[in-house]
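Please open the model in your viewer and set the side chains to be drawn as sticks. The tour below moves from one charged pair to the next.

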Amino acid sequence: MILQPMNDEYFMQQALKEARLAYEEDEVPIGAVVVMGARVIARGHNQTERLTDCTAHAEIIALTSAFNHLGSKYLPEATLYVTVEPCLMCAGALYWSKIGRVVFGAEDDKNGYRRGIGDQPAPWPFHPKTQLTKGVLREECAGLMRDFFRSKR
């Protein structure tokens with residue numbers, strides 16, 4: 001067995017596993033993991049259909065699990081890996097969590113946190129100390145979304 005280095009690509013692969021679970025459950029295939037100290041402490045994937053809850057996004061499920069795991073409402077030492085750019089609702093939850101870092105794969109021009117601002121530069125929706133990394137495994141993350149929506153047409 002070859003050990004993979006635990007880097008952004010490794011943890012995004014973990015988020016992609018969650019996204020594939022969502023796909024198999026006929027949910028929009030977005031997955032997320034919360035990482036602290038090079039260890040996944042929480043996982044989530046979209047469950048809006050299953051739970052009949054428009055707020056049951058992958059990020060919210062993963063954040064709630066992380067809060068419960070740590071017994072804390074703040075995550076300044078954690079990183080959230082999510083396959084698609086967070087929506088404005090999830091960006092707000094990430095803001096309040098004070099998460100240290102957000103890493104996402106594919107941009108979401110229709111529903112991402114930048115939605116509705118036109119050609120203006122996107123305002124910073126996260127906590128001032130949060131770092132953002134975009135485009136990790138972008139093509140793989142975007143491909144899963146494309147495949148899902150093609151299957152619906």
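A residue is called partly exposed when its relative accessible area lies between the limits for buried, under 20%, and exposed, over 50%. By that definition Arg114, with a relative accessible area of 26%, is partly exposed in this predicted model.

Keep Arg114 selected and add Glu85, with which Arg114 forms a salt bridge whose closest N and O atoms are 2.6 Å apart. The two residues come from distant parts of the chain, 29 residues apart, with Glu85 in the loop between strand E3 (79–84) and helix H4 (88–97) and Arg114 in the loop between E4 and strand E5 (131–134). Glu85, at 3% relative accessibility, counts as buried. Now add Asp109 to the selection, since salt bridges with shared partners join Glu85, Asp109 and Arg114 into one network.

Next, select Arg101 and Asp8, a salt bridge in which the closest N and O atoms are 2.6 Å apart. This pair links strand E4 (residues 101–106), where Arg101 lies, to helix H1 (residues 8–24), where Asp8 lies, across 93 residues of the chain. Here both Arg101 and Asp8 are buried.

Finally, move to Glu25 and Arg50, which form a salt bridge with their closest N and O atoms 3.1 Å apart. Glu25 sits in the loop between H1 and strand E1 (31–36) and Arg50 in helix H2 (residues 48–51), so the pair ties together parts that are 25 residues apart in sequence. Glu25 is partly exposed, its relative accessible area being 32%.

For those who wish to continue, the count of salt bridges comes to ten.

Note on methods
Residues are numbered from 1 along each chain as its sequence is written. This is a predicted model: local features need pLDDT of at least 70, side-chain atom pairs count only at pLDDT 80 or more; totals for chains, interfaces and linings use all residues. Side-chain values use heavy atoms; hydrogens and water are left out. A salt bridge is a side-chain nitrogen of Lys or Arg within 4 Å of a carboxyl oxygen of Asp or Glu. Helices (H or I, at least four residues) and strands (E, at least two) are DSSP runs, numbered from the N terminus. Buried means under 20% relative accessible area, exposed over 50%, partly exposed in between (1.4 Å probe, protein chains only).
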